[in-house]
Amino acid sequence: MIQTSQGRLQDRRPLSIIDIGSNSIRLVIYEGIARSPTVLFNEKMLAGLGRGIVSTGRLDPEAVRRAIEEFRRFRALSDQAGADQLHVIATAAAREAENGKDFIHRAEDILGAQIRVLTGREEAHYSALGVISAFHTPDGIAGDLGGGSLELVDVAGDTIGDGITLPLGGLRLQDMARGSTAEAAKIAQRELKRAALLAGGEGRTFYSVGGTWRNLARLHMNQIGYPLNVMHHYELPVDGSEEFLRQVASGEISKMAGIEGVSKSRRALLPYGATVMRQIIAAMKPGRIVISALGVREGYLYSLLKEEDRRRDPLLSAAEELAVLRARSVTHARELAAWTGEAFEAFGLEETEEDARYRQAACLLADIGWRAHPEYRGTQSLNIIAHASFIGVDHPGRAFIGLTNLFRHQGIYEDAASPTMRTLAGPHYVERARILGALLRVVYLFSASMPGLMPRLKWRAGEDGKLSLVVPREHAGLMGERPDGRMAQLAKVLGRPMEIVVGE
């Protein structure tokens, strides 16, 4: 009998999605249907099905041959991983080519599954769902740039507004412009005039979806020496990237610093991605440009969720799952998330919605490094958090969560902080991480990382401004020199007198 590793969540059944795009074809096997999806296996091929479709009206014959052969392997990989569902979706090239239906029928025979060829409207819809699934209360325009088309759709919270599909995918634009980036700019400008919804995006966020734009962002990261190599929620500066986008759009990329970090197979389409991005900035005037690692495929997966699961917070869902897998007690982690909220209220610390979400996530993840050597629990936790495939969190928030765990294990002093994470977090989150870290250092000495006690620890404000942590009399044996010392550190960070007392 094959035993599933404890590194896997036991209530999940693997599910596969094959995404047949105009440029790439990808198989992704997910651990299961979940609010924050986890990838078990990921395989792709850059087939280029849509190459030349503008002039021939047909899928590229060599690309078709290669894709058909690869589908046999994708089906076998899905079976090998134990996926009990296989969903297949296809986008622009397959729906528009003269020989698209024949290709789809051949693929269905090999895969043993029906292929859903998305209309332009459906593609825009699932792109929007991908952004909704990836960000906490998104507000702006989602733009999914594939090989054959560009989908633009207005997203506000969980509401999907107007959308449009334009023939501006990288491969198609390259063909339409006959390799001229100057001509590509004219085509993009003309086509984007049809996207009236862009006017409603002024000052809001543009969510960039698709491999070409992710690789464009990766090149920008490499150019500026960005310290965190996490693509999701990376922000491309609106005002500070014009020269960068102009240089890429000109096609002068072979000698650009950091180009070696972009695969050679992806480089040819970067100028067209940069060209479209420049025209979108001019037409929309966004306040921010944010990269999304999730798109049509994850939007389709999100559509399979129950309504109650869609409403769950993606970051907190992922943090809780990691606590289930790595913490000593997930119940203790949940208690910590609730109890620290009460503590911050007692401290007089106001929290925005994002502040509260990030604090709760930090608490859910506060014990994931307990199996490491004591000297490295903080740095191991920080590294896991910094590089985890979390969604629903920006980079400053990710840095705050990581720093909180570093301070919780290694102390709250400045020399314990990672300079990289400190810079990303910014002054507000560094200070909040230090307070929360100091608070965790106090309470863990009472709870011994086990649930049940923490909800009974209460805060009491005295007339002299002193704040007391009240321990139930039956648990007075937990008091001692170490907790008092940790409380003194917390008092110093907060700048107010504090003590630990026994309740009546």
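How many positive and negative side chains does the chain have, and how far apart do the centres of the two sets lie? There are 62 positive and 61 negative ones, and the two centres sit 4 Å apart. Keep in mind that what you're looking at is a predicted model. Here's a quick tour, starting with the whole chain and then stopping at two residues, H395 and E499.

**The chain as a whole**

- Scroll along the chain and you'll pass 20 helices and 14 strands.
- The radius of gyration is 26 Å, close to the 23 Å that the globule rule gives for 504 residues, so the chain is as compact as a globular protein of that length.
- If you'd like a feel for its dimensions, the C-alpha trace spans about 85 × 55 × 40 Å along its principal axes.

**Inside and outside**

- Of the 504 residues, 57% count as buried.
- The accessible surface adds up to about 21600 Å², and carbon and sulfur atoms own 47% of that.
- Now for who touches whom: take the contacts with a separation of 6 or more, and 71% of them come from residues 24 or more positions apart.

**A stop at H395**

- You'll find H395 in helix α18, which covers residues 395-410.
- Is H395 buried or exposed? Its relative accessible area is 3%, and buried means under 20%, so H395 is buried.
- Setting aside neighbours within four places in sequence, H395 is in contact with Y226, L228, V230, H232, H233 and Y234.
- One of those residues, V230, also has its backbone oxygen 3.3 Å from a polar atom of the H395 side chain.

**A stop at E499**

- E499 belongs to strand β14, made up of residues 498-502.
- How accessible is E499? Its relative accessibility is 29%, and partly exposed runs between 20% and 50%, so that's the group E499 falls into.
- Leaving out residues up to four places away in sequence, E499 touches K466, L467, S468, L469 and M487.
- Which residue's side chain does E499 join through a polar contact of 3.0 Å? That partner is S468, and the contact runs from side chain to side chain.
- For a sense of distance, pick out R26 as well: R26 and E499 are 473 residues apart along the chain, and their C-alpha atoms are separated by 58 Å.

Methods. Residues are numbered from 1 along each chain as its sequence is written. This is a predicted model: local features need pLDDT of at least 70, side-chain atom pairs count only at pLDDT 80 or more; totals for chains, interfaces and linings use all residues. Side-chain values use heavy atoms; hydrogens and water are left out. Helices (H or I, at least four residues) and strands (E, at least two) are DSSP runs, numbered from the N terminus. The radius of gyration is taken over C-alpha atoms; the globule rule is 2.2 Å times the number of residues to the power 0.38. Buried means under 20% relative accessible area, exposed over 50%, partly exposed in between (1.4 Å probe, protein chains only). Contact means heavy atoms within 4.5 Å. Accessible areas come from the Shrake-Rupley method with a 1.4 Å probe; for residues, only the protein chains shown count as cover. Lys and Arg count as positive and Asp and Glu as negative; His and the chain ends are not counted. The place of a charge is taken as NZ of Lys, CZ of Arg, CG of Asp or CD of Glu. A polar contact is a pair of N or O atoms within 3.5 Å; within protein, one must be able to donate a hydrogen and the other to accept it, and residues adjacent in sequence count only if both atoms are side-chain atoms.
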